[in-house]
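Let's walk through this model together, with the viewer open beside the text. We will begin with the helices of one chain and finish with a sheet in the other.

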Amino acid sequence: MKTRKYLLSAIVSGLLSTVVSASAQAPVSLDLQPDGKNPASPVMGDHLQFWSSITNTGTSPIEGLVAWISLVEIDPGNEQPVDLEDWSAQKAVTGASLKPGETLRTDWYMRLIKGGDYRVVVSVTDRGGRQVYTSPTVQFHVRQKAVLQAGRVLSVAAAIPLLIMGLMVFYKTKQRRRRE
Amino acid sequence: MNTIWIIARKESSQMLCSQKGMIWLLTFSGLLSAFSLLLVSNTELSLLDNAQVVYMMAGTVMAVGALLAAILGSDAYAGEKERGTLVPLLCAPIAPDALLVGKILGLLIAWGVMFVASVPYLWGVGASGQNLGAALFYLALFGTPVVLGFGYLAMALSARTGSVLASLLSTVTLLMLAASPLVIGPGLRGTAIGRTMDAINPFAGALNTFDSVIIDSEPFSAQMARLLLVIVWLGLCLIAARRNATRPDFQ
């Protein structure tokens, strides 16, 4: 009975080590670094640049590579993926091919739209494979900056048309009085 | 000079002291009000920083100014012809150049009123941000030649074709093409064709200057090439208007 238990645990650990070594031998290696010129304490409206390196560590070429950047907000109670619509116009590198040992270096620009804590990550997949590989994340904090002040905007938006309408009434009354 | 001033006063008062002029101004302020309300009510737009919003609003003001120039310019000669007042005007002792200058001065005054009406809106969205003064200065410096250029172009077409409709359609179509950078994203503008369009399009040149000075706080020296572009645009449109205004189609 004891021998069977040992045998079973040996098989399970053997299988696990196979899985671990398979994942350790991923055919793609990814790295993501912030650019050295990025502001140390970025504020809303600043631009950040990140550099990703995608290396084919396998033995066969990777065809139809797709790499994309993702942003996640990690503010407590507000954890969510961020739609990059306003943050970045450059959302993916598509169709590239990488020979074994070759590296694709890409820069990613991002305009900081909203204050908070964020993590950015680059993911990669290819045409043939079913795996998605991700880079290490880069975390940054965006300082809040004064944005539109609703009270002031609303008062201007209401006052100017009213002022012009008042002028129209004034001209009309003036013309009527002249005729009389 | 007196003749020019009389024509300019007549043109501007037709636009500004009349019911139709006030309705135009009300429509313009309604547009800017709606745009401002959209900015504060939309969750994503309200998160834009002040500089970005001022840049967007400056572009909108210039586009509406150019539209006004297209309408007034189209009416300048062909409108007179359609109302039957062109022949008496040509028979009067007014030099063709004086008539052209008088009409463009009228347009300049109307654009000036629009500019003044837009100042509170720009202040409303940009007072707590950066470069509001620069935004106003560059809107005047770059917006005026772009707007007057469209006015001259519309006048040239108006004198050439003798038809308000033909001139208006042609100028508005060209304006829509020129103002397309307002709606297409930076990704499309980054292509080779997009960059070429940006290099020759005065409207895009002015927009890129607004972006450069309002958002990126770049100095005046960085704007020289674009300033040259809008001046060349104004010059070419002036030449076209002068050529056609000397022999307007009045038959």
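**A helical chain and a small sheet**

Chain B has 11 helices and 0 strands, and this is a predicted model. Reading along the sequence of chain B therefore gives one α after another, in the pattern α-α-α-α-α-α-α-α-α-α-α. Of its 251 residues, 47% count as buried. Among the contacts in chain B with a separation of 6 or more, 84% join residues 24 or more positions apart.

A good place to look at the packing is helix H2 of chain B, residues 19-41. Two packed helices are described by the angle between their axes and the distance between the axes. For H2(B) and helix H3 (residues 50-83) of chain B, the angle is about 160° and the axes are 11 Å apart. Because angles over 145 degrees count as roughly antiparallel, H2(B) is roughly antiparallel to H3(B). Their crossing is right-handed. On the H2(B) side, the contact is made by Phe28(B), Leu31(B), Phe35(B) and Leu39(B). H3(B) contributes Val53(B), Met57(B), Thr60(B) and Val64(B). By class, this contact of H2(B) with H3(B) has 7 nonpolar residues, 1 polar residue and no charged ones.

Now keep H2(B) in view and turn to helix H5 of chain B, residues 96-126. The axes of H2(B) and H5(B) come within 11 Å and cross at roughly 15°, which means that H2(B) is roughly parallel to H5(B). Here, too, the crossing is right-handed. From H2(B), Leu25(B), Phe28(B), Ser29(B), Leu32(B), Ser36(B) and Leu39(B) take part. They meet Val113(B), Met114(B), Ala117(B), Ser118(B), Tyr121(B), Gly124(B) and Val125(B) in H5(B). The contact of H2(B) with H5(B) divides into 9 nonpolar, 4 polar and no charged residues. Phe28(B) and Leu39(B) belong to the contact with H3(B) as well as to the one with H5(B).

Let's move over to chain A, where 3 strands form an open sheet in the order S1-S2-S6. Strands of a sheet pair through backbone hydrogen bonds, either parallel or antiparallel. In this sheet of chain A the pairing is antiparallel. Strand S1 (28-34) and strand S6 (103-111) of chain A are the edge strands, and each pairs on one side only. From one strand to the next, the twist averages 20°. Strand S2 (residues 47-56) of chain A pairs with S6(A) over 9 bridges. To find this pairing in the viewer, start at Ile54(A), whose bridge partner in S6(A) is Leu104(A).

Terms used. Residues are numbered from 1 along each chain as its sequence is written. Chains are lettered from A and ligands numbered from 1 in the order in which they are written. This is a predicted model: local features need pLDDT of at least 70, side-chain atom pairs count only at pLDDT 80 or more; totals for chains, interfaces and linings use all residues. Axes are lines fitted to C-alpha atoms, for helices over the stretch in contact, and angles run from 0 to 180 degrees between N-to-C directions. Helices (H or I, at least four residues) and strands (E, at least two) are DSSP runs, numbered from the N terminus. Angles under 35 degrees count as roughly parallel, over 145 as roughly antiparallel, 65 to 115 as roughly perpendicular and the rest as oblique. A crossing is left-handed if the near helix is turned anticlockwise from the far one by less than a right angle, and right-handed if clockwise. Two residues are in contact if their C-beta atoms, placed from the backbone, lie within 7 Å. Ala, Val, Leu, Ile, Met, Phe, Trp, Tyr, Cys and Pro count as nonpolar, Asp, Glu, Lys and Arg as charged, and the others, Gly among them, as polar. Two strands pair if DSSP finds at least two bridges between them. A residue is buried if 20 or more other C-beta atoms lie within 10 Å of its own, exposed if 12 or fewer, and partly exposed in between; C-beta atoms are placed from the backbone.
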